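Q: I have a protein model on my screen and I don't really know how to read it. Could we go through it feature by feature?

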Amino acid sequence: MSAADHLPGTDTGLLLLCDHASAWVPDDIAIPPHLLALHVGVDIGAGPLTRALSARLDAPAILGTVSRLVIDLHRQSDHPGLIPELSDGHVIAANAGADCTDRVARFHAPYHRAIRDQVRRDRPKLIVAIHSFTPRLETGGGPRPWEAGILYGRDDRAARIAIDYLRAQGIPTGDQQPYSGRVLNATLDRHADGQGVPSLSVEIRNDLIIDAEGVTILCTIIADMIAAVRNGLALEGAAAQ
């Protein structure tokens, strides 16, 4: 299986990414199957939402094809949580003593090569990463009241527009919630901020996109948000000239 699933689109000014789209595990790695339906194994609903957005916006997308319990594509290759041995209280025994070099070569490096090559070829004007979060962690902490969160790194141009737009629609939206993109923004740091491309990461509470109806509703909302971001960035660019 390829490490990246490419979706075509004629609007190459936009690139959609979904690091945690898949719950697939190769036969040689023994991850307990029941974990793969949980948020620790896959970003629930994020893959279907990314596919729906790609189709609606006619924009290319790149989706990861391996479970985050095999290797987390949204981590630097030297990050201590790259191959998790414990995830939200679940022990991942197959990852104890795992061959990190092998997993990076099989999954992580090809995925990020695919994104790098797409960015170099198309030079998108905006990159949007799609993720989902659980309403509450199993290992503690309070409920997460947001329906959406917008995360970003050093460049907050796109994020500021997105946050304002979603809040204006009455959607409880976290600014750098449920965690901060200043702390964890590996994919966009590498392929967007590092290349001077405006970007943002969209987190959707996973109970809102657990089925096709929810995906359809959020697809409309996020597609309109992306349009607002693109328009806002274009206006800012024109004003700066």
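A: Sure. Keep in mind that this is a predicted model. Let's start inside a helix: the buried residues of H3 are Ala158, Ala159, Ile161, Ala162, Ile163 and Leu166.

Q: Where does H3 sit, and how many residues does it have?

A: H3 covers residues 157-168, so it has 12 residues. To check a helix, compare its end-to-end reach with what you'd expect at 1.5 Å a residue. Here the reach from first C-alpha to last is 17 Å, close to the expected 16 Å.

Q: What follows H3?

A: H3 is followed by Gly170, which has a positive phi, near 80°.

Q: And what comes ahead of H3, in the loop between S7 and H3?

A: Asp156 is found in that loop. Asp156 is partly exposed, because its relative accessible area is 27%, and the cut-offs are under 20% for buried and over 50% for exposed. You can also compare distance along the chain with distance in space: Asp156 and Asp211 are 55 residues apart in sequence and 31 Å apart, C-alpha to C-alpha.

Q: Let's zoom out. How many helices and strands does the protein chain have?

A: There are 5 helices and 9 strands. Their order along the sequence gives you a pattern to follow: β-β-α-β-β-β-α-β-β-α-β-α-β-α.

Q: How do I judge the overall shape?

A: One way is the radius of gyration. A compact globule of 241 residues would have one near 18 Å, and the protein chain has 17 Å, so the two agree. You can also picture a box: along the principal axes, the C-alpha atoms fill roughly 55 × 40 × 30 Å.

Q: What share of the residues counts as buried?

A: Of the 241 residues, 52% count as buried. As for the surface, the protein chain exposes about 10600 Å², and carbon and sulfur atoms supply 53% of that.

Q: How can I tell what sort of contacts the chain makes?

A: Look at how far apart in sequence the partners are. Among contacts between residues at least 6 apart, 79% join residues at least 24 apart.

Q: What about charges: how many positive and negative side chains are there?

A: The protein chain has 22 positive and 29 negative side chains. The centres of those two sets lie 5 Å apart.

Q: Which backbone features should I look out for?

A: Here's the general idea: most residues other than glycine have a negative phi, and most peptide bonds are trans. Now for some cases that go the other way. Asp88 isn't a glycine, yet its phi is positive, near 45°. Asp88 lies in the loop between strand S4 (86-87) and strand S5 (90-91), and it is buried, with a relative accessible area of 14%.

Q: What is the phi of Gln176, and where is that residue?

A: Gln176 has a positive phi of about 60° although it's not a glycine. Its place is in the loop between S8 and H4. At a relative accessible area of 11%, Gln176 is buried.

Q: Which residues does a cis peptide bond join?

A: It joins Gln177 and Pro178, with omega about 10°. Pro178 is in the loop between strand S8 (173-175) and helix H4 (186-191).

Q: Which residues does Arg144 contact?

A: Skip its neighbours within four places in sequence, and Arg144 is in contact with Phe133, Thr134, Pro135, Arg136, Leu137, Pro178 and Arg205. Notice Pro178 from the cis bond. Arg144 itself is in the loop between strand S6 (126-133) and strand S7 (148-151).

Q: Is Arg144 buried or exposed?

A: Arg144 counts as buried, because its relative accessibility is 17%. Its C-alpha is 30 Å from that of Gly194, 50 residues apart along the chain.

Q: Can we finish with a helix? Where is His112, and what does it touch?

A: His112 is found in helix H2, and it is buried, with a relative accessible area of 2%. Setting aside neighbours within four places, His112 is in contact with Leu73, Thr187, Arg190 and His191. Gln118 is also in helix H2 (residues 100-122). Gln118 is buried at 7% relative accessible area, and it touches His6, Leu15, Pro60, Ile62 and Arg123, not counting residues up to four places away.

How values were computed: Residues numbered from 1 in each chain as written. Predicted model: local features only at pLDDT ≥ 70, side-chain atom pairs only at ≥ 80, totals over all residues. Heavy atoms only, no water. Helix = DSSP H or I, 4+ residues; strand = E, 2+ residues; numbered from the N terminus. Rg over C-alpha atoms; globule rule 2.2 N^0.38 Å. Buried < 20%, exposed > 50% of the residue type's maximum accessible area, 1.4 Å probe, protein only. Contact = heavy atoms within 4.5 Å. Areas by Shrake-Rupley, 256 points an atom, 1.4 Å probe, with all protein chains shown as cover. Lys, Arg positive; Asp, Glu negative; His and termini not counted. Charge placed at Lys NZ, Arg CZ, Asp CG, Glu CD. Expected span 1.5 Å × (residues − 1).
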